[in-house]
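Reader: I am new to reading protein structures and would like a close look at a single part. Could you pick one sheet, go through it strand by strand, and then set it in the rest of the chain?

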Amino acid sequence: MPDLSRLASPTFLLAVLVAAILLIALAASAASALTRRRREKKSLSAIDFVRSSFASQLARGVPMEELLLQMVEALRDGFKLDVAELWLCEAGTLRLAAAEPRTERKPIAITPAEETIAANAHVSSASWARVWLPVLLQERDQARLRVAPVSNSGQLFGLVVAQRARKGESLAAEVDVTLEEVARELGVALKKAHLDSSLHESLEQLRRQAAELQASRGRLVAAADAERRRIERNLHDGAQQHLVALSVKVRLLEQFAERDPERARSLMNQLQDDVRSAIEELRSLAHGIYPPLLSSAGLGVAMSAACRRAPLPASVEANGVGRHAPEIESAVYFCCLEALQNAAKYAGAGASARVRIWEEAGGVLFEVSDDGSGFEAGHQPDGAGLTNMRDRLGAVGGTLCVESNDRGTRIQGAVPLNGTSIDESRVLPAT
């Protein structure tokens with residue numbers, strides 16, 4: 001039988017107590033290590049998702065909304081959060097882009113100064129949000145909150161919000177480390193996505209501009225061919241017929257000069273009238289090609305003469321407009337003529353027009369307005385008038401915009417000078 005007195009000795013009891021303490025310490029250490037490994041695994045799963053899966057799936061064309069939802073799901077599941085949210089900052093507004101569980105929240109206005117402060121902040125608590133973004137705390141019922149700014153190179157892209165109920169387990173320090181890392185990686189990914197999107201938009205814009213330029217050049221070539229045919233037709237039907245008639249009458253004059261002086265004098269008078277008609281015909285034809293007043297006196301004088309000949313009452317204001325390259329003056333002049341013809345055709349009976357030409361913001365600008373019936377947006381008049389104007393201005397780097405309502409129509413154009421660019425937001429309305 002065992003010696004019971006020995007088992008009850010102090011030395012034996014002390015040894016048992018030490019062994020028990022060691023076992024408890026080993027068990028606690030193992031449990032702590034297991035908990036730490038689990039937390040690290042949760043952290044790494046969220047971080048790795050943003051670092052690898054997020055970027056690769058985005059490159060494969062997976063929608064951004066779906067990826068952001070996966071990210072907040074990974075955060076919520078990994079840290080047993082009640083709520084995980086991602087807000088994106090766009091055009092001075094924070095918008096809830098993804099949330100788990102899914103919910104709706106109103107957008108939050110954010111000033112440039114607040115964006116700068118948030119972009120340079122670390123992972124913060126509800127106290128920080130209460131000072132800088134108090135709207136973010138609405139309807140949260142004093143929950144435990146951690147806010148991680150998503151930024152890159154000083155630019156704020158959004159916020160990651162981790163929330164747990166006040167009565168629940170507090171958010172461990174590992175959450176801050178993970179949130180900071182996730183926000184950093186997400187900032188890099190969103191910056192890259194933003195740059196890719198901007199590059200794609202720029203390329204699409206260049207493609208559209210190239211297609212428009214090619215189409216415009218085709219129209220300009222076709223218009224030049226049509227103009228040449230018109231000039232040829234006008235020469236054949238007008239000036240050439242006058243010259244043929246003059247030639248016939250000169251021969252008759254030779255025949256009647258001695259036989260019938262009275263008839264010869266009558267033919268001489270007719271010849272004088274025919275010569276004046278031929279000169280007027282040629283002058284009118286030359287004016288249609290390039291007005292002499294435009295080359296000799298400039299836009300103001302030439303446009304004043306054109307308004308006097310316009311098919312509807314028209315006035316002009318062109319004070320202070322200097323001389324410019326012939327291609328710029330002709331583009332502005334013929335666009336104003338086209339706008340006046342459009343007004344005469346579509347403004348209705350009793351309408352009048354006003355032409356204004358001025359220099360501002362590094363360019364020559366013009367405006368042709370009428371007080372006619374106008375037209376609805378998207379229902380511009382048929383015909384090539386507006387297209388011709390856009391092509392003319394586009395050939396010299398200019399732009400055109402059209403506004404119309406039931407009180408009339410306004411056509412505005414701008415042509416840059418000396419290769420400069422025009423700040424159109426200052427001089428032309430948005431189209």
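Author: Start at a turn: a hairpin joins β10 to β11 through two residues. Here helices (H or I, at least four residues) and strands (E, at least two) are DSSP runs, numbered from the N terminus. The model is predicted, with local features needing pLDDT of at least 70 and side-chain atom pairs counting only at pLDDT 80 or more, while totals for chains, interfaces and linings use all residues. Residues are numbered from 1 along each chain as its sequence is written, and side-chain values use heavy atoms, with hydrogens and water left out.

Strand β10 covers residues 399-405 and is antiparallel to β11, with seven bridges joining them. Two strands are said to pair if DSSP finds at least two bridges between them. One bridge in this hairpin links Asn405 to its partner Gly408 in β11.

β11 also pairs with β9, again in the antiparallel sense and over seven bridges. Across this pairing, Phe366 stands opposite Gly413 of β11. How many of the nine residues of β11 are buried? Eight are, so the strand, residues 408-416, is largely enclosed by the rest of the structure. Buried means under 20% relative accessible area, exposed over 50%, and partly exposed in between, with a 1.4 Å probe and protein chains only.

The full sheet has five strands in the order β7-β8-β9-β11-β10; it is open, and its pairing is mixed. At the edges stand β7 and β10, each with a single partner strand, so one side of each has no neighbour in the sheet. From one strand to the next, the twist averages 10 degrees. Angles like this run from 0 to 180 degrees between N-to-C directions, and axes are lines fitted to C-alpha atoms, for helices over the stretch in contact.

At the β7 end, β7 and β8 pair in the parallel sense, over four bridges. Val316 stands opposite Val355 in β8. Helices pack on this sheet too. α9 lies across β7, β8 and β9 and runs at about 170 degrees to β7. Helix α11, residues 385-395, touches β9, β10 and β11, and its direction makes about 150 degrees with that of β10. Contact means heavy atoms within 4.5 Å.

Helix α9 spans residues 299-309, and its buried residues are Leu299, Ala302, Met303, Ala305, Ala306 and Cys307. These residues pack against three strands, β7 (314-317), β8 (353-360) and β9 (363-370), and against two helices, α8 (292-297) and α10 (326-346).

Now the setting. The protein chain has 12 helices and 11 strands. It contains 431 residues, of which 36% count as buried. Among its contacts with a separation of 6 or more, 59% are between residues 24 or more positions apart.

Another sheet is built from six strands in the order β3-β2-β1-β6-β5-β4; this sheet is open, and its pairing is antiparallel. Its edge strands, each pairing on one side only, are β3 (108-109) and β4 (124-125).

Strand β1 (residues 83-90) has seven of its eight residues buried. β1 pairs with β2 (residues 93-100) in the antiparallel sense over seven bridges. Cys89 stands opposite Leu94 in β2. Helix α3, residues 64-79, packs on this sheet by touching β1, β2 and β6 (155-164), with its direction at about 60 degrees to that of β2. β1 and β2 form a hairpin with two residues between them, and Ala91 in the turn has a positive phi of about 50 degrees. β1 is also antiparallel to β6, joined to it by six bridges. Trp87 has Leu159 in β6 as its bridge partner. A further helix, α4 (residues 112-119), lies across β1, β3, β5 (144-152) and β6, and runs at about 65 degrees to β6.

One residue of this sheet may surprise a newcomer. Is Glu100 buried or exposed? Glu100 belongs to strand β2, and it counts as buried because its relative accessibility is 17%. Leaving out residues up to four places away in sequence, Glu100 touches Leu69, Val72, Glu73, Arg76, Asp82, Val83 and Ala84.
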